[in-house]
Amino acid sequence: MTTRLADIAVQAGVSEATVSRVLNGKPGVAATTRQSVLAALDVLGYERPVRLRQRSEGLVGLITPELENPIFPALAQVIGQALTRQGYTPVLATQTPGGSTEDELTEMLVDRGVAGIIYVSGLHADTTADMQRYDRLRAQGVPYVLVDGFSPKVQAPFISPDDRAAMSLAVTHLVSLGHTRIGLALGPKRFVPVQRKIEGFVRTVQDQLGLSAETVESELVQHSLYTLEGGQAAATALIERNCTAVVCASDMMALGAIRAARQLGLDVPKDISVVGFDDSPLIAFTDPPLTTVRKPVPAMGQAAVRTLLEEIGGTPAPHSEFVFMPELVVRGSTASAPGDRARS
């Protein structure tokens with residue numbers, strides 16, 4: 001014990017007597033000195049005495065679809081940090097193919113007495129899913145917030161990016177570069193964010209290039225999986241339809257689109273431009289650096305926590321959708337259309 005006190009005192013830059021007073025919860029120690037001693041405990045790997053541990057306000061569950069797409073860990077980090085600052089302990093539960101379902105994870109979290117749950121890109125985003133599961137959860141008295149995907153059948157707060165505006169930003173950028181044949185690569189049509197991206201894409205292409213909605217949907221929209229391989233397959237199909245630019249519904253799909261272009265002997269952005277969606281961590285360092293539509297992850301994550309804590313505190317926010325505006329980040333994967341360069 002004496003050795004430990006000496007170690008902590010040296011690390012904190014205080015006397016052993018001061019360390020003893022802090023560890024025993026005695027008064028007469030400045031708040032900054034107390035924090036220095038507690039920090040020294042943490043650095044040296046000693047457990048804080050029970051009486052000095054910050055009391056947790058409770059557990060909050062966070063259910064994400066998977067962690068392979070870097071946008072989900074990024075969002076989980078924002079939400080986790082915001083919860084911790086408010087004294088709550090985040091519990092991350094991840095769905096994986098062949099693993100636990102959303103319902104099983106929900107049951108597990110409820111059994112552990114969580115104060116509330118935040119769902120990210122869950123079944124609420126799937127228009128074919130049964131939304132009564134959320135009614136049953138509310139009947140159990142568990143507050144929750146739903147991120148990415150809206151359903152009018154669920155009475156809860158929703159947090160979403162403006163998917164329609166995201167597509168408008170991407171298409172407008174590509175049209176300004178002279179592209180007239182722009183494709184859209186995205187996931188299965190049953191998901192609300194996919195449907196909204198299609199709406200925004202079709203409307204902007206109609207307005208700016210004069211194509212009919214039927215032509216855009218039949219020739220320029222390609223559904224696939226939200227993976228690198230899915231993006232590669234979708235982009236290959238769109239390039240074969242003479243698209244000189246491809247907008248992708250995720251950065252992972254955009255990396256697949258770049259791979260597809262290279263396998264077809266094309267250069268990005270000289271022969272084909274690629275735009276992603278999310279602005280995932282490290283995406284600025286790809287080859288070429290990816291032009292993408294940045295999802296407002298910090299604002300969305302903080303809003304999800306703030307809204308959930310209002311629900312937990314008994315002053316719920318309106319049961320409606322809070323929509324956050326994305327922004328275009330132009331990097332090296334987009335350039336003038338090939339024909340435009342030839343003319344200039």
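**Pairs, crossings and turns**

Me: What makes strand 1 and strand 3 a pair?
Reply: In this predicted model, strand 1 (residues 58-64) and strand 3 (residues 116-120) are joined by four bridges. Pairing takes at least two bridges, so strand 1 and strand 3 qualify. Their sense is parallel. One bridge sets G61 opposite I117 of strand 3.

Me: In what order do the strands of the parallel sheet stand?
Reply: The order is 2-1-3-4-5-11. Those six strands form an open sheet with parallel pairing.

Me: What makes strand 2 and strand 11 edge strands?
Reply: Strand 2 (88-94) pairs on one side only, and so does strand 11 (321-324). From one strand to the next, the twist averages 20°.

Me: What holds the strands of a sheet together in general?
Reply: Backbone hydrogen bonds do, in a parallel or an antiparallel arrangement.

Me: Where are the edges of the mixed sheet?
Reply: This open sheet has six strands in the order 7-6-8-9-10-12. Strand 7 (221-223) and strand 12 (327-329) are its edges. Each has a single partner strand, so one side of each has no neighbour in the sheet. Ignoring direction, neighbouring strands are turned by 20° on average.

Me: How do you know that strand 9 and strand 10 pair?
Reply: Count the bridges. Strand 9 (residues 273-278) and strand 10 (residues 291-294) have four. At least two are needed, so strand 9 and strand 10 pair. They run parallel. Opposite V275 stands T291 of strand 10.

Me: Which strands does helix 9 touch?
Reply: Helix 9 packs on the sheet against strand 6 (182-186) and strand 7. Its direction makes about 40° with that of strand 7.

Me: Why are helix 8 and helix 9 called oblique?
Reply: Start with the angle. The axes of helix 8 (residues 192-209) and helix 9 (residues 213-220) cross at roughly 120° and come within 9 Å. Roughly perpendicular covers 65 to 115 degrees, and roughly antiparallel begins over 145. The value of roughly 120° falls between those ranges, so helix 8 and helix 9 are oblique. The crossing is right-handed.

Me: Which residues of helix 8 and helix 9 make the contact?
Reply: Helix 8 brings I198, F201, V202, V205 and Q206. Helix 9 brings A213, V216, E217 and L220. By class, there are seven nonpolar, one polar and one charged. Glu counts as charged, so E217 is the charged one.

Me: Why is helix 4 called oblique to helix 12?
Reply: The axes of helix 4 (residues 71-85) and helix 12 (residues 297-312) cross at roughly 45°. They come within 9 Å. Roughly parallel needs an angle under 35 degrees, and roughly perpendicular begins at 65. The angle of roughly 45° meets neither condition, so helix 4 is oblique to helix 12. Helix 4 passes helix 12 in a right-handed crossing.

Me: Which residues of helix 4 and helix 12 meet?
Reply: On helix 4 they are I71, A74, L75, V78, I79, A82 and L83. On helix 12 they are V297, P298, G301, Q302, V305 and L309. The classes are eleven nonpolar, two polar and no charged residues. Gly counts as polar, so G301 is one of the two polar residues.

Me: What makes helix 2 and helix 3 roughly perpendicular?
Reply: The axes of helix 2 (residues 16-23) and helix 3 (residues 31-44) cross at roughly 90° and come within 10 Å. The perpendicular range is 65 to 115 degrees, so roughly 90° fits. In the contact, T18, V19, V22 and L23 of helix 2 meet T33, R34, V37, L38 and L41 of helix 3. These divide into six nonpolar, two polar and one charged. Arg counts as charged, so R34 is the charged one.

Me: Which peptide bond before P269 is cis, and where is P269?
Reply: The bond from V268 to P269 is cis, with omega near 15°. P269 sits in the loop between helix 11 (251-263) and strand 9.

Me: What is omega for the cis bond from D287 to P288?
Reply: Omega is near -5°. P288 lies in the loop between strand 9 and strand 10.

Me: What sets the phi of N242 apart?
Reply: Phi is near 70°, a positive value in a residue other than glycine. N242 is in the loop between helix 10 (228-240) and strand 8 (245-248).

How values were computed. Residues are numbered from 1 along each chain as its sequence is written. This is a predicted model: local features need pLDDT of at least 70, side-chain atom pairs count only at pLDDT 80 or more; totals for chains, interfaces and linings use all residues. Side-chain values use heavy atoms; hydrogens and water are left out. Axes are lines fitted to C-alpha atoms, for helices over the stretch in contact, and angles run from 0 to 180 degrees between N-to-C directions. A crossing is left-handed if the near helix is turned anticlockwise from the far one by less than a right angle, and right-handed if clockwise. Contact means heavy atoms within 4.5 Å.
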